[in-house]
Amino acid sequence: NTDVAISEGKIIAIGALLNPNDYFSEEECQTIDASNFNLTCGIIDEHSHIAISRGVNEGSQAVTAEVSIADVINPNDHNIYRQLAGGTVASQLLHGSANPIGGQAAMIKLRWGSNAEEMKIVGADGFIKFALGENVKQSNWGDFNRVRFPQSRMGVEQVFYDAFYRARKYQLEWDLYNAMPSSMKRKSESPREDLELNTLVEILKSERFVTCHSYVQSEINMLMHVADSMHFSINTFTHILEGYKVAEKMKTHGAGGSTFSDWWAYKFEVYDAIPYAGSLMHARGAVVSFNSDSSDLARRMNLEAAKAVKYGGTSEEAALKFVTLNPAKQLHIDQ
């Protein structure tokens with residue numbers, strides 16, 4: 001017995017027996033009878049790999065910041081239709097976790113029937129995928145793939161430092177060149193444009209934001225230390241099944257946690273995963289979301305949210321935010 005008035009995509013009023021004439025002219029008002037239906041917030045998936053053409057990993061190098069998922073969006077993926085049916089309306093399409101520094105992400109609305117460009121959220125902030133752990137050091141890739149650096153967790157840390165030291169030097173070269181008088185510029189050669197380093201400089205300048213695949217608390221601590229020492233911050237740790245161990249540090253650093261509701265024991269580094277992780281991080285003040293990382297799971301994220309009520313006693317309202325408002329905050333699209 002409740003009415004909802006919506007204008008230009010925003011809810012402007014909720015109440016019993018609203019008078020449409022208070023909000024709209026007669027010709028612009030459309031009425032939808034939703035009796036016996038449920039109305040829900042749109043579900044936002046912080047970590048998705050749907051609607052991507054021909055592979056998600058550029059795994060040839062440890063740093064591939066120059067590549068972009070936005071170049072390979074597939075608007076005909078039937079998962080878009082299925083996920084809309086389950087209430088999911090927007091997704092962050094992420095590069096895979098083969099690299100410490102992977103490719104740039106794409107932020108999309110699930111607009112079934114649109115082309116790839118029309119699915120992109122206009123004005124959305126730029127994000128990029130980082131990764132830690134077994135995938136990055138190729139633990140499970142087989143002997144044939146034990147050739148690329150890094151092959152250890154300590155090597156992963158050094159990849160980050162090496163990349164950002166190169167980016168700092170590159171930015172300094174451009175700053176010095178741009179500070180030259182025009183007369184000197186005509187006599188000097190500009191620094192060589194580097195698309196990989198351009199992207200890393202965006203991170204250093206807080207113009208591009210990091211979503212990091214993560215599991216183990218020691219590596220989560222390591223990457224926050226790297227980011228602090230290089231003067232940027234990690235926006236979101238995704239997966240983060242040991243996030244409940246470091247929630248206070250995450251809050252201090254400013255990082256959110258986008259975790260699974262109840263995944264564990266599918267590889268060695270997730271043996272300490274527990275179904276209470278989301279509730280524990282939330283109770284300690286971190287911004288928490290549940291993500292799918294699965295084309296199938298993303299059709300029923302409302303049920304994933306409900307698990308936070310069962311495990312950890314999170315309130316129903318807070319649990320719903322795990323798949324609506326909180327992922328929107330993590331992706332900077334909550335407004």
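Helices and strands are here DSSP runs, a helix (H or I) having at least four residues and a strand (E) at least two, and they are numbered from the N terminus. The structure described is a predicted model.

The account opens with helix α5, which spans residues 195-204. Of its 10 residues, 7 are buried, so α5 is largely enclosed by the rest of the structure. The buried residues are E196, L197, T199, L200, V201, I203 and L204. Several elements contribute to their cover, including strand β5 (101-104), strand β7 (126-131), helix α3 (153-178) and strand β8 (208-214). At the N-terminal end of α5, D194 acts as a cap: one of its side-chain oxygens lies 3.0 Å from the backbone nitrogen of E196. E196 is also among the buried residues of the helix. After α5 comes S206, which has a positive phi, near 55°.

Attention now turns to a sheet. Three strands, in the order β3-β4-β6, make up an open sheet with mixed pairing. The edges are occupied by β3 (43-48) and β6 (106-109); each has a single partner strand, so one side of each is left without a neighbour in the sheet. From one strand to the next, the twist averages 20°.

The two pairings can be followed in turn. Strands β3 and β4 run parallel and are joined by 4 bridges, with S48 standing opposite L93 of β4. Between these two strands the chain passes through helix α1 (residues 78-85), and the resulting β-α-β crossover is right-handed. On the other pairing, β4 (residues 88-93) and β6 are antiparallel and are likewise linked by 4 bridges. Here A90 stands opposite K109 in β6. Strand β4 has 5 of its 6 residues buried, so β4 is largely enclosed by the rest of the structure.

A single residue, T238, completes the picture. T238 belongs to strand β9, which covers residues 236-239. T238 counts as buried because its relative accessible area is 0%, whereas the limit for that term is under 20%. Which residues does T238 contact, leaving aside its neighbours within four places in sequence? They are E46, H47, T211, C212, H213, S214, S258 and N291. Two elements already met reappear through these contacts: E46 and H47 fall within the range of edge strand β3 (43-48), while T211, C212, H213 and S214 fall within that of β8 (208-214), one of the elements covering the buried residues of α5.

Technical notes
Residues are numbered from 1 along each chain as its sequence is written. This is a predicted model: local features need pLDDT of at least 70, side-chain atom pairs count only at pLDDT 80 or more; totals for chains, interfaces and linings use all residues. Side-chain values use heavy atoms; hydrogens and water are left out. Buried means under 20% relative accessible area, exposed over 50%, partly exposed in between (1.4 Å probe, protein chains only). Contact means heavy atoms within 4.5 Å. A polar contact is a pair of N or O atoms within 3.5 Å; within protein, one must be able to donate a hydrogen and the other to accept it, and residues adjacent in sequence count only if both atoms are side-chain atoms. Two strands pair if DSSP finds at least two bridges between them. Axes are lines fitted to C-alpha atoms, for helices over the stretch in contact, and angles run from 0 to 180 degrees between N-to-C directions. A crossover is right-handed if, with the strands pointing away from the viewer, the path from the first strand over the helix to the second runs clockwise.
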